[in-house]
Amino acid sequence: MARKKSQRFAELTTFPHYFDCTKEMNGHWREVYFHNNNPLILELGCGKGEYAVALGEKNPHQNVIGIDIQGERLWYGATAATKKQLANVAFLRAYIDHLPEYFEKNEVNELWITFPDPQPRGKYIRKRLTSPNFLTRYQLLLKPKGKLHLKTDNALFFEYSINAITAFGGTIQTQQTIHPEALAEDDVLRVQTMFEQKYRAQGIPILYCCFTLPIIDE
């Protein structure tokens, strides 16, 4: 297993749409890599990149970057994007709390947070991806009124997130339990990651919210 992970990571580094902690791209993603001025969408903690690939496939006029620190996971998404010939999808290996080092102020249009670690132990609250610690970082990267999307199976984490976003001054635009059968065929919320498939099989509801953060005063 360890050898296979090493082989995948080695192959990953050969993909032109893979970036390993590449700070030089800060502020230049559209110009240098995507060669267009389309909206820039990030999936945070993307794991195997199912959502990043689906977003790119369903929205060819958007640039999508999946971000995770685990390179062997990114291999799956990078491989899928290659097979599907998705020139609008890239992957970045980086820690999410270092995002301002990789993207400049107002460079990003939307963020997706799909099934993050709920960090249930109280002493790790600051590590929750919807804690004020991270909301402050997202606020720097996003264009004014840029949207953030959260999907999770964890009701306690979802409740915490709603409260944290509201206390931060954010606005909840949509809050719902997702029922895929009720969604349009091309609705990106129908996309299911490996985790979502697992939780749905156990009968666990999938919760979603879309929100915006207050604009930073100049």
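The following exchange concerns the salt bridges of a predicted model.

Colleague: How many salt bridges does the structure hold?

Modeller: The structure holds six salt bridges.

Colleague: What makes the contact of E101 and K23 a salt bridge?

Modeller: The side chains of E101 and K23 meet at 2.9 Å, N to O. The criterion is a Lys or Arg side-chain nitrogen within 4 Å of a carboxyl oxygen of Asp or Glu, so the pair qualifies.

Colleague: Where in the chain do E101 and K23 lie?

Modeller: E101 is in the loop between β4 (89–93) and β5 (108–114), and K23 is in the loop between β1 (18–20) and α2 (29–34). The pair links distant parts of the chain, 78 residues apart.

Colleague: Why is E101 called partly exposed?

Modeller: E101 has a relative accessible area of 32%. Buried requires under 20% and exposed over 50%, so E101 falls in between. K23, at 44%, is partly exposed because that value also lies between the two limits.

Colleague: How do you know that K84 and E57 form a salt bridge?

Modeller: Their side chains meet at 3.5 Å, N to O, and this is within 4 Å, so the term applies.

Colleague: Why can the pair of K84 and E57 be said to tie together parts of the chain?

Modeller: K84 lies in the loop between α4 (71–83) and β4, and E57 lies in helix α3 (residues 50–58), so the pair ties together parts that are 27 residues apart in sequence. K84 has a relative accessible area of 41% and is partly exposed; E57 is partly exposed at 44%.

Colleague: What makes D68 buried, and what makes R73 partly exposed?

Modeller: D68 has 6% relative accessibility, which is under 20%, so D68 counts as buried. R73 has 39%, between 20% and 50%, and therefore counts as partly exposed. The side chains of D68 and R73 meet in a salt bridge at 3.8 Å, N to O.

Colleague: Which residues are joined into one network by salt bridges that share partners?

Modeller: K151, E196 and R200 are joined in this way.

Colleague: Why is E196 called buried?

Modeller: The relative accessibility of E196 is 0% and the limit is under 20%, so E196 is buried. E196 is found in helix α7 (residues 194–201).

Colleague: Which residues does E196 touch, not counting those up to four places away in sequence?

Modeller: E196 touches F115, K151, V191 and I206. Contact here means heavy atoms within 4.5 Å.

Technical notes. Residues are numbered from 1 along each chain as its sequence is written. This is a predicted model: local features need pLDDT of at least 70, side-chain atom pairs count only at pLDDT 80 or more; totals for chains, interfaces and linings use all residues. Side-chain values use heavy atoms; hydrogens and water are left out. Helices (H or I, at least four residues) and strands (E, at least two) are DSSP runs, numbered from the N terminus. Buried means under 20% relative accessible area, exposed over 50%, partly exposed in between (1.4 Å probe, protein chains only).
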